[in-house]
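Trainee: I would like a close look at a single part of this model, taken strand by strand.

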Amino acid sequence: MGLRAYVVRRCLQLVVTFWAFFTLLFVLFRMMPGDPTSMFIMDGMTPEQREQRIAELGLNEPLHVQYIEYVRQLLTGDFGQSFIYNDPVTSIIAVRFMNTIVLMATALIFAYIIGITFGALMGWWRDSRFERGGIVVTLVARSSPEFWVGIVLLSVFVFWLGWFPSSGMRTTGGELGGGFVARYGSLDFLRHLFLPALTGAIAYLATPTLLMRSTMLDVLNADFIEIKKAEGLPERTVLYKHAARNSILPIVTVAAIATGTAMGGSVVIETVFNWPGMGREMVSAVNNNDYPLAMAAFFLMGSVVIIMNFVADLAYVYLDPRVEYE
Amino acid sequence: MTLLDIDGLKTYYGSDDGWVRATDDASLSIERGETVGLVGESGSGKTTLAKSIIRLLPDNAEIVDGSIEFDGTEITELSDRELRRQIRWSEISMIPQNAMNGFDPVYTVGDQIVEVIRHHEDDTSKAEARERGRELFDDLGIDPDRIDDYPHQFSGGMAQRAMIALALALSPSLVLADEPTTALDVVIQDRILETIKEMQEELNSAMIMITHDMSVVSETCDRIAVVYGGRIVELADAETIITNPRHPYTLGLRNAFPDISDDDQELISIPGTPPELVDPGEGCRFAPRCPFAEEECWEVTPQPESYGDGHQVECHRADEIEHLQAEAGKKETWREQDLGERKPVETADEQAAEAEVELDD
């Protein structure tokens, strides 16, 4: 089977996966106890008012009608109105999602670049002091809870050294607006970004480092590494072009999944640094029984996981010639 | 003309129990264009001996003594950089046991041939290097267009041919072949060996063929070195090793391989296991397994004795060759149950105690 047929088949799989995913999401939300009105029950609310509110929200329709309406809206990119904010979900989420992407992508990129490099070197210099020390540092980073790392960074860099602002995304009263670059490229924003991104990077660092190290150890035992050394190639070439290049394959899959979950935002990091991202929004939406908002958040997060896996599969074809298109 | 002269080479591995003497006082010289077989059991140190020549040793291994003179250059004194530039692959290349694993799976075979050519020859263009790879493929009986295939797309025999192409890409003067045909079936084995011989003659490369297979060495090698316990116990031309060996270990090895022309031949194996190489002490290393061991064998390490025509043997009893050869052909000579009783009790006290412990088991 050729590459083209493989891609086509993989795309069809993608569609089926998506359908299963959003249907499951619909069912899960309808199975949840309580309904949005439970948040509105105030002293003066009569049963009639409550019924009326439910009808407004379309929750009195039979399930299959709700489902069809739900699919129609998804296909048109319309996630409906938030029950709580009374604003279109799309506009609420778009901003939050972008904030999370900028934060998490920065954290992930640093974690994976540093993790892959250090993991590769740890495998290469096996049994050295560098490797032993590296494992300890990695495990400490891995075992430290995000909130604790966040608080330590805050104490040191904000309250003690005073180098960075303590919370939020930008200084209050600062100029807002302009394009993407103006919003996310300003020095003020980057200063706010640094500590939460560092916290995230520390949390994500362990996986690529340890995985890279262990696959390096496997790959370094392979005969071809010895042949490449016998060929007289310099160590640097053997390390990067051959050993690390082969070791990176499993990292691709892990990175794809990590990206997927990271895009859901980290409730802990966002709370510690008061970052207006997806994680916090999703939690409050669930607490408020705000179906459309919570569902859109879950939908977005799940979509990223599915799409990243799809990308990883395609990347594998390019990275590993041994992958069979079957 | 001597191409390689190994003299008193000692390559030891560090371990928790002390030095493992994988190669202990080995001397061997090789002429240009000559093929020498290194024969011995797994763990006898034959691979360590060969890899010492290009210093392709694990981190815990060290060449502690001896010299390796290659074409006037003392290899043990080269810096890593000089070794990579002047010796590795351009002068000495190798063919691994399993060619399929000898190629990096994520690059095409052609890319890997081009990589090594261009690394050693600064002014060869990519196209020229590729063309040379294609010619080598053609010479070795592989379709030149397959140079753009990945290693996993090759069959075992073809991968081995491609590996030979890689090994010969820089026309080295010496090729180290580490059991190059063990992973292949017999018919292909034969063809590969022929191909190696043809190419080797064309380039006038010398070769060290490492194997535990007597039939492979007898077919391809000019001379054979029998390795036991890190030492070269017998060295002679192939004919002599096959028909007129003097070392009991060689006699035993010969028994263990079938002779197709002799229907009645009974295969006899050598009882016991290869020796511990941590601090082996004085005495012949083969003595514990040797049916002919005498008191002297346990106490004095035999030194190489010459028996004419470059035939060297490390054995105290090599003079009694008729007797040894006659006895070695009998199955009862190599009985396993005799092993424990062979060690003379009147040696050092410590050894006597050890022997008692063995008997108690």
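Which residue is the bridge partner of Y12(B) in β4(B)? Please describe the surroundings of that strand pairing as well.

Mentor: This is a predicted model. The bridge partner of Y12(B) in β4(B) is E62(B). That bridge belongs to a pairing between β1(B) and strand β4 (residues 61-70) of chain B, which run antiparallel and are joined by 8 bridges. Strand β1 (residues 2-15) of chain B also pairs with strand β2 (residues 18-31) of chain B, again in the antiparallel sense, over 10 bridges. Within that second pairing, D5(B) stands opposite S29(B) in β2(B). The connection from β1(B) to β2(B) is a hairpin through 2 residues.

As for the wider setting, UniProt, in an unreviewed entry, lists residues 4-254 of chain B as "domain: ABC transporter". The span of residues 4-254 of chain B is 39% helix and 28% strand, and its end C-alpha atoms lie 28 Å apart.

Next comes the nonpolar packing. The largest nonpolar core has 85 residues, and A162(B), A165(B) and V226(B) are those with the most contacts inside it. Helix α6 (residues 156-168) of chain B supplies the largest share of this core, 9 residues. Leaving aside neighbours within four places in sequence, A162(B) is in contact with A99(B), V109(B), I142(B) and F154(B). Another core, of 59 residues, lies apart from the largest one and includes A201(A), I248(A), A262(A) and M278(A).

Conventions:
Residues numbered from 1 in each chain as written. Chains lettered and ligands numbered in written order. Predicted model: local features only at pLDDT ≥ 70, side-chain atom pairs only at ≥ 80, totals over all residues. UniProt positions renumbered as here; feature names shortened; annotations may be inferred. Helix = DSSP H or I, 4+ residues; strand = E, 2+ residues; numbered from the N terminus. Core = buried A, V, L, I, M, F, W, Y, C linked by C-beta atoms within 7 Å. Buried ≥ 20, exposed ≤ 12 C-beta atoms within 10 Å, placed from the backbone. Contact = placed C-beta atoms within 7 Å. Pairing = 2+ DSSP bridges.
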